[in-house]
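Here's a walk through one protein model, packing first and single residues after. Keep the structure open alongside the text.

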Amino acid sequence: MENYLEINKKSWNAKVEPHLKSDFYFVDEFLKGRTSLNSIELDLLGDIKGKSILHLQCHFGQDSISLSRMGAKVTGIDLSDKAIDTARDLARQCETDTEFICSDVYNLPDILEQKFDIVYTSYGTIGWLPDLEKWAGVIDHFLKPGGKFIMAEFHPVVWMFDDDFTKVVYHYFNEKPIVETYEGTYADQSAPIVQEYIMWNHSLSEVLNNLIKKDLQLNTFREFDWSPYACFRHVEEFEKGKWRIPQFGNKIPLVFALAAEKK
């Protein structure tokens with residue numbers, strides 16, 4: 001899909017305003033100091049004080065700013081120019097030195113020269129990318145020797161189902177682009193926007209093998225039967241901050257996370 005970047009940029013630009021107003025992103029609390037990071041990724045990140053971090057596909061930068069608040073020197077990148085403008089404004093209000101660049105993932109090596117201690121990405125990112133071999137190459141390009149790649153992402157099993165989780169509709173493997181139109185957003189189902197988007201499903205083997213091909217040594221891999229976000233339809237909170245799809249209970253994974261090191 002040659003025009004997927006244009007279509008998806010328009011889609012993500014449309015999301016910025018309703019997301020800022022949504023409870024999902026709790027912007028008022030965030031400005032007062034609440035972190036946007038979850039235990040899943042915090043456990044893998046560890047002590048990041050003084051570390052340089054590249055945050056891929058950062059949306060409007062809450063995770064990037066949260067990482068800055070932990071003492072890291074952070075650069076966030078995102079395809080959406082409206083999201084990046086908002087991220088810069090949030091960083092100014094939060095009084096952090098977080099830097100933001102508007103770029104798609106694949107073109108970033110042509111724009112940014114710096115190398116980083118950590119490359120970080122989380123939740124709902126790789127589905128917007130058609131080529132994970134190229135994605136892994138970007139990660140490898142920006143990591144210093146001995147640097148770490150930290151990732152938390154929704155499990156590919158989740159993307160096999162229809163939005164109401166009543167039947168399997170999509171292929172587990174990266175069979176072809178998924179081109180659809182969606183009303184509202186995951187953060188606000190009632191948002192008055194209609195968006196066309198293009199996505200790709202990626203299996204765990206596709207993720208892991210492309211990282212391994214780039215000599216990234218997998219140190220930790222975890223799967224979770226809950227999500228830290230109520231971003232799917234009909235989910236139930238079974239513990240504070242933990243959601244499941246009721247009809248599945250704890251029978252399927254909803255999230256995976258990993259840490260890899262550049263040899």
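Let's start with Thr86, which is found in helix H5. Helices here are DSSP runs of H or I with at least four residues, strands are runs of E with at least two, and both are numbered from the N terminus. Thr86 counts as buried at 15% relative accessibility; buried means under 20% relative accessible area, exposed over 50%, and partly exposed in between, using a 1.4 Å probe and protein chains only. Not counting residues up to four places away in sequence, Thr86 touches Val16, Leu20 and Phe60, where contact means heavy atoms within 4.5 Å. The C-alpha atoms of Thr86 and Phe60 are separated by 5.7 Å, although the two are 26 residues apart along the chain.

A word on what you're looking at: this is a predicted model, in which local features need pLDDT of at least 70 and side-chain atom pairs count only at pLDDT 80 or more, while totals for chains, interfaces and linings use all residues. Residues are numbered from 1 along each chain as its sequence is written, and side-chain values use heavy atoms, with hydrogens and water left out.

**Helix against helix**

Thr86 also turns up where H1 meets H5: Lys9, Asn13, Val16 and Leu20 in H1 meet Asp81, Lys82, Ala83 and Thr86 in H5. By type, the residues of that contact divide into three nonpolar, two polar and three charged. For that count, Ala, Val, Leu, Ile, Met, Phe, Trp, Tyr, Cys and Pro are nonpolar, Asp, Glu, Lys and Arg are charged, and the others, Gly among them, are polar. H1 and H5 pack at an angle of about 40°, with their axes 7 Å apart. The axes are lines fitted to C-alpha atoms, for helices over the stretch in contact, and angles run from 0 to 180 degrees between N-to-C directions.

Now swing over to helix H6 (residues 132-142) and helix H7 (residues 204-213), whose axes come within 9 Å and cross at roughly 45°. That makes H6 oblique to H7, given that angles under 35 degrees count as roughly parallel, over 145 as roughly antiparallel, 65 to 115 as roughly perpendicular and the rest as oblique. Leu132, Glu133, Trp135, Ala136 and Ile139 in H6 meet Glu206, Val207, Asn210 and Leu211 in H7. The mix in this contact is six nonpolar, one polar and two charged residues.

**The cores**

Which residues touch the most other members of the largest nonpolar core? They are Ile40, Ile53, Leu67 and Tyr120, out of 51 residues in that core. A nonpolar core here is a set of buried Ala, Val, Leu, Ile, Met, Phe, Trp, Tyr and Cys residues joined through side-chain atoms within 4.5 Å. Elements giving two or more residues to this core include helix H3 (39-45), helix H4 (62-69), strand E4 (116-122) and strand E11 (255-262). H5 gives the most, with six residues. Apart from this core lies another, of 33 residues, among them Ile101, Trp135, Val207 and Leu211. In soluble globular proteins, nonpolar side chains tend to be buried together.

Ile53 is worth a click. Leaving aside neighbours within four places in sequence, Ile53 is in contact with Ile48, Leu67, Ala72, Lys73, Val74, Thr75, Phe116, Ile118 and Tyr120. Next to it in sequence, Ser52 lies in strand E1 (residues 52-55) and counts as buried, at 9% relative accessibility. Beyond four places in sequence, Ser52 touches residues including Lys73, Phe116 and Ile118.

**More residues to check**

Ser64 lies in helix H4 and is buried, with a relative accessible area of 0%. Its contacts, again leaving out residues up to four places away in sequence, are His55, Cys58, Val74, Gly76, Thr98 and Phe100.

Asp97 is found in the loop between H5 and strand E3 (99-102). Is Asp97 buried or partly exposed? Asp97 is partly exposed, with a relative accessible area of 45%. Past its neighbours within four places in sequence, Asp97 is in contact with Ser68 and Lys73.

Here are C-alpha separations for Ser64 and Asp97:

| Pair | Apart along the chain | C-alpha separation |
|---|---|---|
| Ser64 and Thr75 | 11 residues | 7.2 Å |
| Asp97 and Arg69 | 28 residues | 9.3 Å |

Finally, two backbone oddments. Phe26 is not a glycine, yet its phi is positive, near 35°; Phe26 sits in the loop between helix H1 (4-21) and H2. Gln57 also has a positive phi, about 55°, although it is not a glycine, and is found in the loop between E1 and H4. Phe26 is buried at 15% relative accessible area, and Gln57 counts as buried at 17% relative accessibility.
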